[in-house]
Each structure stands twice: as C-alpha cells, then as structure tokens.
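Please open the model in your viewer and keep the sequence beside it. The tour goes from one selection to the next and says what is there at each stop.

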Amino acid sequence: MTRVLVVEDEPALARALAITLRARRYEVEVALTGAAALDVAGRWNPDLVVLDLGLPDIDGVDVLRALRAWSGAPVLVLSARHDSSDKVEALDAGADDYVTKPFAVDELLARLRAALRRRDPVAADPVVTTAGFTVDLPRRLVLRGEERVQLTPTEWSLLAELARSPGKVVEHRELLAVLRGSAGGRPGERAVDRESHYVRVYVAQLRRKLEDDPAHPRHLLTEPGIGYRLEP
Ligand code: CA
C-alpha cells in the first residue's frame, strides 16, 4: 500500500483527509506539527507527503527543506495563503505540487495520483492481464489475445482508471470525474456526462468489447451503489 503522511494542524481537516485517503486504500499517518512530521517521516518513510504550509511550530517550507535533505518522496503542499510567493518558495524548496485551501477532495486526490505517477510511472501504470484481455497502461493499448481492441478516448480513460487499481472498487464519482476530464472538446458529451448513468453506459460498451459474455461479466464488475472494479 502507498503510504501518505498528512501534515496538517487543523484536527478536523487532518481527520477528514485521513478518512478520505484510507477509504481509497492509502496507508495514512497524521502529524499535527512540523516536529511530529519530521519524526514520523524519519521512522515511517512515506511514499508521499501532504504538507500544510501554516504549521504552529515550524514553518511548512522549513519542514519541506528538512525533509528534502534526505527524502525524495513527492510533497503536495496545502496552502491557505493567497500570496503566490509562498507557493513559489515551496516549489523552489522541492514541493512537487500545491493545492490552495479550500480545495475539492477530488482535485487533491487527482494531484496526489499524478505526483505518484510522475515519481514512479512504471509501478503506477501497470500492465493488467485478465483471462480475457490485457490492459497495457504504459503503451495505452488493450489486447484480446493478439488483437488490439479499438476503444474511444472516453472508454480508454474509464478502463485505465479501473486498471490503475486492479481488484479495487473505483467509486462512481471518481469515474465521473474521469469522464469529465476526457470529454474534452466534444460539447455534446460534456453536456451529458454529469449523469451518473453515463458511467453505466460506458461500462456496458467496454463489456461488449472486452467480456466473452457481456451480460455476465467476469472482469468489469459492478459494486452496487459504490462503483466498479476491474477483476484480473
Ligand atoms: Ca494550518
């Protein structure tokens, strides 16, 4: 599991972030101060750090510099400050990205995933092989046996999101966010893709292209009321 250290001195926000991340199968530790952050980072060796810049004891940028002295883990900065010089300072000190408070959880999660992918593109983008087909994320292609399956960009985006966490449920709203992101340039699609049934339509299309018996799917599975998962 991917380890995420959340450094945030507002207990309610820290707790909300921890719950959100754990629900998405991240392993999470929380530090409420800069000193605690450096202590936890030193013994736990996180894969990624979410770091609030405004901490009670040590300035977030100084925490970042201390961290960077020995850790290459991506750091996603949370900033309540509107002054862009703080963000520039954080980026100069080695932050990978930043999110300005208040932020949407989906945006934070998307940036977190992107930071992890940049760090380790091969591990983050696997080749997923099922009994029926292969999803090759690094090469952006799907094979049934030797034959390449033609997918629309939207179908690919949806399948890729499921394939990034094989065997794990991806929630409806995460898939909707993917659809919104991939609909680029096609106004008709963008207009209707907010409907949750749209996800179902695309999953049905994928099943027709990938499943031996689309009516009884073995790999593109529905988790009723939650979302979908790709079962290898
Ligand atoms: Ca703060």
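What follows is a walk through the chain as a whole, some strands, a metal site, a loop and the cores.

This is a predicted model, in which local features need pLDDT of at least 70 and side-chain atom pairs count only at pLDDT 80 or more, whereas totals for chains, interfaces and linings use all residues. Residues are numbered from 1 along each chain as its sequence is written, and side-chain values use heavy atoms, with hydrogens and water left out.

**The whole chain.** Begin with everything shown: the protein chain has 10 helices and 12 strands, which are DSSP runs numbered from the N terminus (helices are H or I with at least four residues, strands are E with at least two). Of its 232 residues, 45% are buried, where buried means under 20% relative accessible area, exposed means over 50% and partly exposed lies in between (1.4 Å probe, protein chains only). If you consider contacts, meaning heavy atoms within 4.5 Å, between residues at least 6 apart in sequence, 57% of them join residues at least 24 apart.

**Strand β1 and its partners.** Select residues 3–7, which form strand β1; four of these five residues are buried, so the strand is largely enclosed by the rest of the structure. Add residues 27–31, strand β2, which pairs with β1 in the parallel sense over five bridges; two strands count as paired if DSSP finds at least two bridges between them. Within this pair, Arg 3 has Glu 27 as its bridge partner. Then add residues 48–52, strand β3, joined to β1 in the parallel sense by four bridges, with Leu 48 as the bridge partner of Val 4. If you also show helix α1, residues 11–23, you will see a right-handed β-α-β unit made by β1, α1 and β2: with the strands pointing away from the viewer, the path from the first strand over the helix to the second runs clockwise.

**The calcium ion.** Which protein residues are the donors of the calcium ion? They are Asp 9 (OD), Asp 52 (OD) and Gly 54 (O), lying 2.2 to 2.4 Å from the ion. Asp 9 sits in the loop between β1 and α1 and Gly 54 in the loop between β3 and α3 (60–68), so this pair, 45 residues apart, links distant parts of the chain. Donors are N, O and S atoms within 2.8 Å of the metal (3.2 Å for Na, K and Ca), and since water is not among the atoms, sites may look incomplete. Asp 9 counts as partly exposed at 27% relative accessibility, and Gly 54 as partly exposed at 33%.

**A buried serine.** Move to Ser 71, in the loop between α3 and β4 (75–79), which is buried with a relative accessible area of 10%. A polar atom of its side chain lies 3.1 Å from the backbone nitrogen of Ala 73.

**The open sheet and the cores.** Next, find the open sheet of four strands, whose order is β6-β7-β8-β9 with antiparallel pairing. Its edge strands are β6 (127–129) and β9 (147–148), each pairing on one side only. Strands β7 (residues 134–136) and β8 (residues 141–144) are joined by three bridges, and Val 135 stands opposite Val 142 in β8.

Keep Val 135 and Val 142 selected and add Leu 159, Leu 210 and Leu 230: of the 26 residues in the largest nonpolar core, these five touch the most other members. A nonpolar core is a set of buried Ala, Val, Leu, Ile, Met, Phe, Trp, Tyr and Cys residues joined through side-chain atoms within 4.5 Å. Apart from this core lies another, of 20 residues, including Ala 37, Val 40, Leu 55 and Ala 93.

Notes. Polar contact = N/O pair within 3.5 Å; in protein donor to acceptor, adjacent residues only side chain to side chain.
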